[in-house]
Amino acid sequence: MFAIVNTPKGVAPLEIREVAEPKAASNEVIVEVRAFSLNRGELALLAMRPEGWRPGQDIAGIVVQRAADGSGPDVGTRVVGMAEQEGWAQRVAVATDRLTTLPENISFAQAAALPMAGHTALRILRFSDPLEGKRVLITGAAGGVGHFAVQIAALGGAEVTGVVGRPERATGLRELGASDVVTQVEQARGPFDLILESVGGASLTAALGLVAPHGTVVVFGNSSGEDTPFNLYNLFGHEGVRLQTFFSFNPGTSTSLSTDLAQLVALVEAGKLTVPLGLERDWSELALALPALQSRQVLGKATFHVR
Ligand SMILES: NC(=O)c1ccc[n+]([C@@H]2O[C@H](COP(=O)([O-])OP(=O)(O)OC[C@H]3O[C@@H](n4cnc5c(N)ncnc54)[C@H](OP(=O)(O)O)[C@@H]3O)[C@@H](O)[C@H]2O)c1
């Protein structure tokens, strides 16, 4: 079969090459991948990992081999899931507790956009449960996680302010549920009960100044790569503030990935969650599309069809 292989020393940073078929552990199905999506975190991994490494987590496709332990869906079932890696391929092994079934009315490209960005949005919003009536600030709102977080927070009854890098990056966010969209954290009208921060540096410094007493700041990314200068003493006037980290591989949550994916799929199926497909291409164009995500040209998610 064919798969995307990391080629950091090559002419292109990635190549489609012939590789061995995946081998499934007893709790894994083999999925014939029809589409996958790209996450910002994977851009960093591509640069760090060696020649020959096989990337890819977010996938959607059709089960072509059942799990030996009897768990999970039958052959022929449409699924969306999150592989550990090696998902940017024609076939991949996925654990049955990391996928869910997919109805016919959700395309593979839409579904592939959901796993990493969607489950991250769900889980970071749970740090302020219930959301009803809460004031929520979301930095990086034009990105993949940001688009889902804006919508899910608004669905939960929160008043959402999104932060984007340039005015044109605000496109569609109000229609998706944001009450306000600003281009600088400093322009946001605080205080906020929940702040979802993934830009880091000056953005996080400014966001920390806007947290309400007993509010929560969730730090789940550092897209800017900048350090965050901040005098914690400044928080002493904000009684009971919680500074919360989140990492998807160590989530500290009792819900399984398949439960979260099923919730996301149900929201899309019900027309309550829009999948922001800012870029949709054939997988042969992946290397060409990398700079678009890197340079913040993609609104929402970048997905690729596998042939
Ligand atoms: N902790 C976890 O488990 C976890 C899980 C998923 C994602 N993440 C992290 O969360 C962040 C968002 O992920 P994503 O997939 O939504 O990324 P994305 O689609 O690339 O969105 C990132 C957003 O950040 C904004 N941004 C502001 N300053 C930036 C800068 N200097 N460089 C890059 N982006 C900047 C951009 O908004 P504008 O273009 O409007 O400026 C962009 O829309 C990333 O840092 C990612 O690594 C963490």
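**Close-up views of a predicted model**

**Figure 1. Glutamate 86 is located in the loop between strand S5 (78-82) and strand S6 (91-95).** Strands (E, at least two residues) and helices (H or I, at least four) are DSSP runs numbered from the N terminus. The phi angle of glutamate 86 is near 65°, a positive value in a residue other than glycine. Most residues other than glycine have a negative phi. The model is predicted: local features need pLDDT of at least 70 and side-chain atom pairs pLDDT 80 or more, whereas totals for chains, interfaces and linings use all residues. Residues are numbered from 1 along each chain as its sequence is written, and side-chain values use heavy atoms, without hydrogens and water.

**Figure 2. The peptide bond from aspartate 129 to proline 130 is cis.** Its omega is near 0°. Proline 130 belongs to the loop that runs between H3 and strand S8 (135-138).

**Figure 3. Glycine 190 and proline 191 are joined by a cis peptide bond.** Here omega is about 0°. Proline 191 sits in the loop between strand S10 (178-182) and strand S11 (192-197).

**Figure 4. Helix H3 (residues 115-125) crosses helix H6 (residues 257-269) at roughly 95°.** The two axes, lines fitted to C-alpha atoms over the stretch in contact, with angles from 0 to 180 degrees between N-to-C directions, come within 10 Å. H3 is therefore roughly perpendicular to H6, a term that covers angles of 65 to 115 degrees. On the H3 side, Pro115, Gly118, His119, Leu122 and Arg123 take part in the contact (heavy atoms within 4.5 Å). Their partners in H6 are Leu257, Asp260, Leu261, Gln263 and Leu264. By class, the contact of H3 with H6 comprises five nonpolar, three polar and two charged residues, with Gly counted as polar.

**Figure 5. Domain 1 (2-114 + 276-305) meets domain 2 (118-245).** The bounds come from an automatic or database domain assignment. Taken over C-alpha atoms, the centres of domain 1 and domain 2 are separated by 28 Å. Eleven residues of domain 1 are in contact with twelve residues of domain 2. About 920 Å² is buried between the two domains, 59% of it from carbon and sulfur atoms; this is the accessible area (1.4 Å probe) lost on being put together, summed over both parts. Within domain 1, the residues that lose the most area to domain 2 are Pro276, Arg296 and Leu299, together 49% of what that side buries. Zero salt bridges are found across the interface of domain 1 and domain 2, counting a side-chain nitrogen of Lys or Arg within 4 Å of a carboxyl oxygen of Asp or Glu.

Key
Parallel < 35°, antiparallel > 145°, perpendicular 65-115°, else oblique.
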